Amino acid sequence: MRAVTYVKNDTVEIQDKPVPEIEPDEVLLKVGGAGLCHSDITIIGMGDDNPLIGSTLGHEVAGTIERVGDDVTGWEPGEGAIVALILCCGRCRECLAGRDNQCEVFYPRDALAPLSPGIGSPGGMADYIAVQAHHLLPLGGLDPVAAAPLADAALTPMHAINTVRDRMTGDATVVTIGLGGLGHLALQILAVTTGARIIALDTDAEKLAFAEAHGADLALPSDANAAARIMEETGGVGADVVLDFVGVQPTVDLALAVVRGGGAIRFVGLGGGHFDYAASASELPWGVNIERAYGGTRSELLEVLGLARAGKIAVEVVRYPLDDAVQAFDDLHHGRVQGRAVLVP
Ligand SMILES: [Zn+2]
Ligand SMILES: [Zn+2]
């Protein structure tokens, strides 16, 4: 089968690999769509000694059950399924507490990230993927191409938003930065699940037009004037919540500059920005809550699947045949994708 393989720094190629054999507790999924994420670009840029070299990429995967292992119950060939972003044991303390995106078995303290398809386990940018049946959720009629990005591009914003949902009151202001793969879904989730006033930022005019059409109360260019505009729009108080889906230095600086006292910041994008934290004296107002939000839980995946089935959120899909994967990586790397690139085998 064809498999998009990370071969060396900044380089992927389509290799021929055997169709995986399945274990008794596994399912063979015929991939219908595999989303391409900025973190795939980050991963393949981590140098030539990255242990992930040689692996098949792809952590947003949906498709159709091809074959089920002897011990698998509840799944039949022909059913549509989506693969959970984060592989979890289902039995540890974190899993049982509903924090399965922090499973202590599959996410040791010193690991780069929790185990995911395409990040430590074979990914879904291929004709087939073998996964343990308990990592699947039913698509319930959703098209696998349109649904695959829900596994991360919708799940991760849903989780970040859920961690600050108590701050999203009807009189709150939420600033969301970046309207790419995750950000364009964050905007839609904010619009349909909160009553907060939404200020959306991006550097790209087309993405700002998308924001205005999809629930932003105000769409602003992410430039040197953005902080002043947001402070003016909030009467000098600042934003209750800032969601940063970019994470470059200017957006990190912007988040710190506009969060109100007692407000919250969620840094999600992996753009390489940083900030210094001083315990005794900081530029941050008192009471600010910051979290490195990561992925989401199975129950949050159910939430985004439900919103998609109800037609309340939709991924802006840019389809690429699997054979054009190298072109898709190049387009994403150079900012030429509006929405989410999805590889279609
Ligand atoms: Zn991702
Ligand atoms: Zn666990």
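**Exercise 1.** In this predicted model, determine whether C37 and H59 are buried or exposed, and then establish which residues coordinate the zinc ion (ligand 1).

*Solution.* Begin with accessibility, where buried stands for under 20% relative accessible area: C37 is buried, and H59 is buried as well. Next, list the donors of the zinc ion (ligand 1), which are C37 through SG, H59 through NE2 and D152 through OD, at 1.8 to 2.2 Å. Along the chain these donors follow the spacing C-x21-H-x92-D. Finally, place the pair C37 and H59, which lie 22 residues apart and link distant parts of the chain: C37 sits in the loop between β3 (26–36) and α1 (38–44), and H59 in the loop between α1 and β4 (60–68).

**Exercise 2.** Identify the protein donors of the zinc ion (ligand 2), and decide what geometry its site has.

*Solution.* The donors are the SG atoms of C89, C92, C95 and C103, lying 2.3 to 2.4 Å from the zinc ion (ligand 2), and their spacing along the chain reads C-x2-C-x2-C-x7-C. For the geometry, the test requires all angles to lie between 85 and 135 degrees; the angles among the four donor atoms are 105 to 115 degrees, and the site is tetrahedral. Of the donors, C89 and C95 are both buried.

**Exercise 3.** Find how many cavities of 30 Å³ or more the model contains, and characterise the lining of the largest cavity.

*Solution.* The count comes to one cavity of 30 Å³ or more, and the largest cavity holds about 40 Å³ of space. Its lining consists of A84, L85, I86, D100, L155, G296, T297, R298 and L301. Sorted by class, these lining residues comprise five nonpolar, two polar and two charged.

Notes:
Residues numbered from 1 in each chain as written. Chains lettered and ligands numbered in written order. Predicted model: local features only at pLDDT ≥ 70, side-chain atom pairs only at ≥ 80, totals over all residues. Heavy atoms only, no water. Donors = N, O, S within 2.8 Å, 3.2 Å for Na, K, Ca; no water. Tetrahedral: all angles 85-135°; square planar, octahedral: opposite > 155°, others 65-115°. Buried < 20%, exposed > 50% of the residue type's maximum accessible area, 1.4 Å probe, protein only. Helix = DSSP H or I, 4+ residues; strand = E, 2+ residues; numbered from the N terminus. 1 Å grid on protein atoms, 1.4 Å probe; cavity = no way out; pocket = protein on both sides within 12 Å on 5 of 7 lines; lining within 4 Å. Points joined across faces, edges and corners; volume = space filled by probe spheres on them. Nonpolar A, V, L, I, M, F, W, Y, C, P; charged D, E, K, R; others polar.
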